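Reader: I'm new to this one, so could you walk me through it slowly?
Author: Gladly; have a look at the sequence and the structure to begin with.

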Amino acid sequence: MDDISLVSRASTLTLDGYFSGLKYSPDSTCILTNNIYDNTLHCYEPNSPNSPMSLSPVIKTKSSSPIYNYNWYPLMTSSDPSTCAYLISSRDRPMQLWDAYNGSMRATYDARDDKDEVTSANCCEFSPDGTLIYAG
């Protein structure tokens, strides 16, 4: 019992809800998690000099509907802010490209079915060179 209380006192991370997945950025400096409790992506910088030994999200991206999938831009490197982005697909929404530096939306992309009607993408992924987005 003492071990459990010691661990709980030492913990600095509070989890609100349940996380489905964890994705490291290509340069391994950031982590994205999907909180299925409130449809929010959390972006963490675990090795940040500003907050060592603490996991507080630096960016939160809220979606009005459940997030199906999310992925980092494959050429992302923290030293180049123009590459710091991630893509989200969610129910009843176009795919969205978000800026991992300031939390703003950069672009939206419609997914289309075989009848050329707008539909939700259940999954999304960048091509390895970052020039294409695959969705389905």
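**Salt bridges and cysteines**

Author: This is a predicted model, and the count of salt bridges in it comes to three.
Reader: Which side chain does Asp99 meet in a salt bridge?
Author: The side chain of Asp99 meets that of Arg106, with 3.0 Å from N to O; Asp99 is buried at 9% relative accessibility, while Arg106 is partly exposed at 33%.
Reader: And Asp116, what does that one pair with?
Author: Asp116 forms a salt bridge with Arg112, where the closest N and O atoms are 4.0 Å apart; here Asp116 counts as exposed, at 52% relative accessibility, and Arg112 as partly exposed, at 46%.
Reader: What about Asp92, is that buried or exposed?
Author: Asp92 is exposed, with a relative accessible area of 63%, and its side chain meets that of Arg91 in a salt bridge at 3.7 Å, N to O.
Reader: Which side chain has a polar atom 2.6 Å from the backbone nitrogen of Asp92?
Author: That is the side chain of Ser120, a residue in the loop between strand E10 (118–119) and strand E11 (124–126). Beyond its neighbours within four places in sequence, Ser120 is in contact with several residues, including Tyr68, Ser90 and Ala111.
Reader: Switching topic, how many disulfides are there?
Author: A search of the whole structure finds zero. For Cys43, the nearest cysteine sulfur is that of Cys30, 4.5 Å away, and because a disulfide needs the two sulfur atoms within 2.5 Å, Cys43 is in none.
Reader: Is Cys43 buried or exposed?
Author: Cys43 is buried, with a relative accessible area of 1%.

Technical notes. Residues are numbered from 1 along each chain as its sequence is written. This is a predicted model: local features need pLDDT of at least 70, side-chain atom pairs count only at pLDDT 80 or more; totals for chains, interfaces and linings use all residues. Side-chain values use heavy atoms; hydrogens and water are left out. Buried means under 20% relative accessible area, exposed over 50%, partly exposed in between (1.4 Å probe, protein chains only). Helices (H or I, at least four residues) and strands (E, at least two) are DSSP runs, numbered from the N terminus. A polar contact is a pair of N or O atoms within 3.5 Å; within protein, one must be able to donate a hydrogen and the other to accept it, and residues adjacent in sequence count only if both atoms are side-chain atoms. Contact means heavy atoms within 4.5 Å.
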